[in-house]
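Work through the exercises below with the sequence and the model at hand. Each task is followed by a worked solution.

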Amino acid sequence: MKKWFGLQSMRHKLMIAAIACILIPAALTQFIYTSLTQDAVQRQAISNAQDSLLLVDGSVTNLLQSMINIANYIQMNPDMNAYFKLVVSGNTENDNAYRKFTDKNRIIQQLDSLTVSEKSYVTVLLTDGTTFTNYSTSDYNPLSLLEEPWFKELGDLKWLSSYWIGTNPTVFAYMLEESPYQISLARTLRRDDSRIYGYIVVTVMEKRVNQLFKSLPSEQEVMLLDANNRILSSGDAAKIGQTFTDAGTTTGGLHTSIATVGNKKYLITEKPFSFNEWRLVSKQRYSEAIVDISSIFNRVFVVQFTSLVIFLLLLLALLRAFTKPIVLLGRTTSSVQRGNLSVRSGIRGKDEIGRLGFLFDLMLDRIQEMIAEVSDTQARKRKAELKMLQAQIHPHFLFNVLNSIRMKVMRRGDPESAKMIGSLSTLLRMTINGEEDEICLHEELELLTHYVELMNLRQKEEVRLSLDIASEAMLVRVPRFFLQPVVENALIHGFSQRAGLIRIHAVMRERVLTLTVEDDGIGMDEPAVAALNQKLVAAGGSSQAGTEAGGGAAGAFSGMGLVNVAERMHLLQGERFKMEVESDPGKGTLIRIIIAYERADGDV
């Protein structure tokens, strides 16, 4: 069999493989379909039940969360709490009647504003018997809350804890016919020493909850249960207050179980809330849950079998067309293997084979180009090495001449000029002979000192440089000449040929270097500062500009500006670098540079 198969052409092999790969899986699918269908139907029924319950869970959660939000607002509102404390302490007794009326009306208006879209009944009961409500006290006396059996338990509540009262008969007479039951939440108002000075009770009608259940199919019964499986809300009002005995074990998350009740199977889906011990439960007959899914599976099988036959015939017809360009491409690769790089397949098209032929031809073109580029690169590399050897001769000659001039000036009794020439020699040596991209911070500051001394030669008045550097920051390695453009910016734009002071402060805390460069120059107005900070932030995403700044940073100290400094540092440090500017007109400018290091060893 293996020998016979090996003698067949590629076209025949593809046809045989196609038939085998289609018919064998189809036969296996038919054989195991019955067993797998039952499990798939059950999983889909559970998934549908959970999806339906999640739809209702979002709405019910929003309703209950709105009650918490109302209580939070009152509990955290400083204006309302301050007034409540004044009332409890009796400090409002001396106010005139009009003042008392306006203050109380202001509180009531705030309570009304909390429940504009959906009516909730809010009661604030203070320990001195004063009440504030967003409903008429003629409908219900809020002092009656003191007689409720659950009221004594509010003393055990912590600061932001809520007491969920559950479902009770509606206390508002005009709402009895529309909604016989209500659901309430209670909170305490406490002083700083935890003493209670008031209570908050938020109430909604139970009908608002069961109306949300009506969005589900009629055969799916949804209920709201408390921790004791007592029904708090249901589409059937007669069940409210009863115990739901079919609930499964609470798992802490969305859970579906199949329970048998009276010789009938039911899907029981439960979803607990995160902010209390209540949960939503749906109950649906299993036969009703899978009736549509089973029908869909049967129809899908018929469609799949019909499609199988059609596509098998179509595949056999198209295989001949598909194999032709593959054979041509194989011949082309054989020619390339023999060393003929000028041959091309000429295969074109929008399908994978057409793109493969195009890319293969493109690859051959690129190979020929790369061979030419490698030859050219080797030639240019030899020229560059020669120029590098020549360039190393000139700097040493320049340094020797400068040192000779400095010594001659020193002998003539002009130490200040000799010092300037020494500073220039040091800067040039660091600029031209810099082999490392990073140096220690104390070396960078030493170069900066020489630079300021040289710049003072061109200033009409002297600019002083003050350094305040923490000892642990001295050996931190930083990019060469990254501070020079910052100081140059202060000299040129901050002082404009005037005298002044530049202060540099550096501190190292928890592997983070914080540098500030501050001058007492002319400063900038707020729009200019905002525009500059925006450019500094945008510089972090400018890869092209960053490459240009970073490429020459190690060998030149020309004023490339704050933006180029930011581009260079973002290129080197990435998200670990931050730069920002603060300035006031007439007071000066402060530039803050923050660099976070990955480790705190000798190679920071």
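**Exercise 1.** In this predicted model, find the strand that holds Arg 464, then list the residues that Arg 464 touches, not counting those up to four places away in sequence.

Solution. Start with the secondary structure: Arg 464 belongs to strand β12, which covers residues 463–469. Next, look for contacts beyond four places in sequence; Arg 464 touches Gly 500, Leu 501 and Ile 502. Finally, take the C-alpha atoms of Arg 464 and Gly 500: they are separated by 6.3 Å, with the two residues 36 apart along the chain.

**Exercise 2.** Which members of the largest nonpolar core touch the most other members, and which helix gives the largest share?

Solution. The core has 39 residues, and those touching the most other members are Ile 502, Ile 504, Leu 513, Leu 515, Met 579 and Ile 593. The largest share, six residues, comes from helix α10 (residues 441–458). A second, separate core has 38 residues, including Leu 53, Met 67, Ala 71 and Phe 132.

Now take Met 579 from the largest core. With neighbours within four places in sequence set aside, Met 579 is in contact with Val 486, Leu 536, Leu 562, Val 565, Ala 566, Ile 591, Arg 592 and Ile 593.

**Exercise 3.** Locate Ser 345 and decide: is Ser 345 buried or exposed?

Solution. Ser 345 sits in the loop between α6 (286–337) and α7 (352–391). The relative accessible area of Ser 345 is 9%. Buried means under 20%, so Ser 345 counts as buried. Leaving out residues up to four places away in sequence, Ser 345 touches Leu 328, Leu 329, Thr 332, Gly 357 and Asp 361.

Notes: Residues numbered from 1 in each chain as written. Predicted model: local features only at pLDDT ≥ 70, side-chain atom pairs only at ≥ 80, totals over all residues. Heavy atoms only, no water. Core = buried A, V, L, I, M, F, W, Y, C linked by side-chain atoms within 4.5 Å. Buried < 20%, exposed > 50% of the residue type's maximum accessible area, 1.4 Å probe, protein only. Helix = DSSP H or I, 4+ residues; strand = E, 2+ residues; numbered from the N terminus. Contact = heavy atoms within 4.5 Å.
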